[in-house]
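I sat down with this one to jot a few things as I looked them up. Here are my notes, in the order I made them.

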Amino acid sequence: MSEQAPRVLLVEDEAQIRHFVRLALEAEGCAVSEAAGVADGLARAGADDPALVVLDLGLPDGDGVDFIRSFRAWSERPVLILSARTEESHKIDALDAGADDYLTKPFGVGELRARVRALMRRRQRQGGVSPWLEFGNVRVDFARRQVTRDGEAVHLTPIEYRLLAMLLAHPGQVLTQRKLLAEIWGASYVESSHYLRVYVGHLRQKLEDDPTQPRHFLTETGVGYRFQPDA
């Protein structure tokens, strides 16, 4: 395999499907790395910076949609879903979370290869950032979903982590309360601004030097919140 071959990450727990898809990807000239779950997939994505991710939704340690949300915190590389889920709502959830294409199982090798080619053509206009970020004395490792402060692990609940990742993904930008509530809790919670106040308060308590005078998690009164990185 050429050293210039684009790296594709295949996240799929069924060995037969992994083998089938790997052969198709290699026929397209791709170098393939594999993972069988969400955690291993995110770690490999952080280490390899793949040009494309091919992802199953039903994984043993979580849902593929959770993978997409975490991956999108640091990368805009294309994501192709391969799933047996045919309901429209599942497709909408995956695409809204940041997937670029959705192919329903069973599928033919010809269609798979064509969709891979289309997504790989798009990747030239898509960038990426580091799978980790530092601000103040805090380091966030998106690939491993780990947060440390002064080198010590900080425990965040799943909602706290999702809120943190979303704010960090838009440095310097004001995210409205409605957008944050819809993305983190769902569309039915867009009027529940008290949830945000509570959870932003949690982030400040855990990650700010002085929670009463925050430097990084700022309130834009009447609008929403903004993550301010270090100058």
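**Entry 1: one arginine.** I started with Arg-226, which lies in strand β14, residues 224–227. I kept in mind that the model is predicted.

I then asked myself: is Arg-226 buried or exposed? Its relative accessibility is 17%, and buried means under 20%, so Arg-226 counts as buried.

**Entry 2: its surroundings.** Next I looked up what the side chain of Arg-226 meets, and found a polar contact with the side chain of Glu-220 at 2.8 Å. Setting aside neighbours within four places in sequence, I listed the residues in contact with Arg-226: Gly-172, Gln-173, Val-174, His-216, Phe-217, Leu-218 and Glu-220.

**Entry 3: empty space.** His-216 turned up again here, as one of the residues lining the largest cavity. How many cavities of 30 Å³ or more are there? I got a count of 1, and the volume of the largest cavity is about 40 Å³. Along with His-216, its lining holds Phe-135, Gly-136, Asn-137, Val-138, Leu-207, Glu-208, Asp-209 and Arg-215. Sorted by class, that lining has 3 nonpolar, 3 polar and 3 charged residues.

**Entry 4: the whole protein.** Stepping back, I noted 8 helices and 14 strands. The radius of gyration is 19 Å, close to the 17 Å that the globule rule gives for 231 residues, so the protein is as compact as a globular protein of that length. I also wrote down the span of the C-alpha trace along its principal axes, about 55 × 40 × 30 Å.

Of the 231 residues, 44% count as buried. Last, I checked contacts between residues at least 6 apart in sequence: 57% of them join residues at least 24 apart.

Technical notes: Residues numbered from 1 in each chain as written. Predicted model: local features only at pLDDT ≥ 70, side-chain atom pairs only at ≥ 80, totals over all residues. Heavy atoms only, no water. 1 Å grid on protein atoms, 1.4 Å probe; cavity = no way out; pocket = protein on both sides within 12 Å on 5 of 7 lines; lining within 4 Å. Points joined across faces, edges and corners; volume = space filled by probe spheres on them. Nonpolar A, V, L, I, M, F, W, Y, C, P; charged D, E, K, R; others polar. Helix = DSSP H or I, 4+ residues; strand = E, 2+ residues; numbered from the N terminus. Buried < 20%, exposed > 50% of the residue type's maximum accessible area, 1.4 Å probe, protein only. Polar contact = N/O pair within 3.5 Å; in protein donor to acceptor, adjacent residues only side chain to side chain. Contact = heavy atoms within 4.5 Å. Rg over C-alpha atoms; globule rule 2.2 N^0.38 Å.
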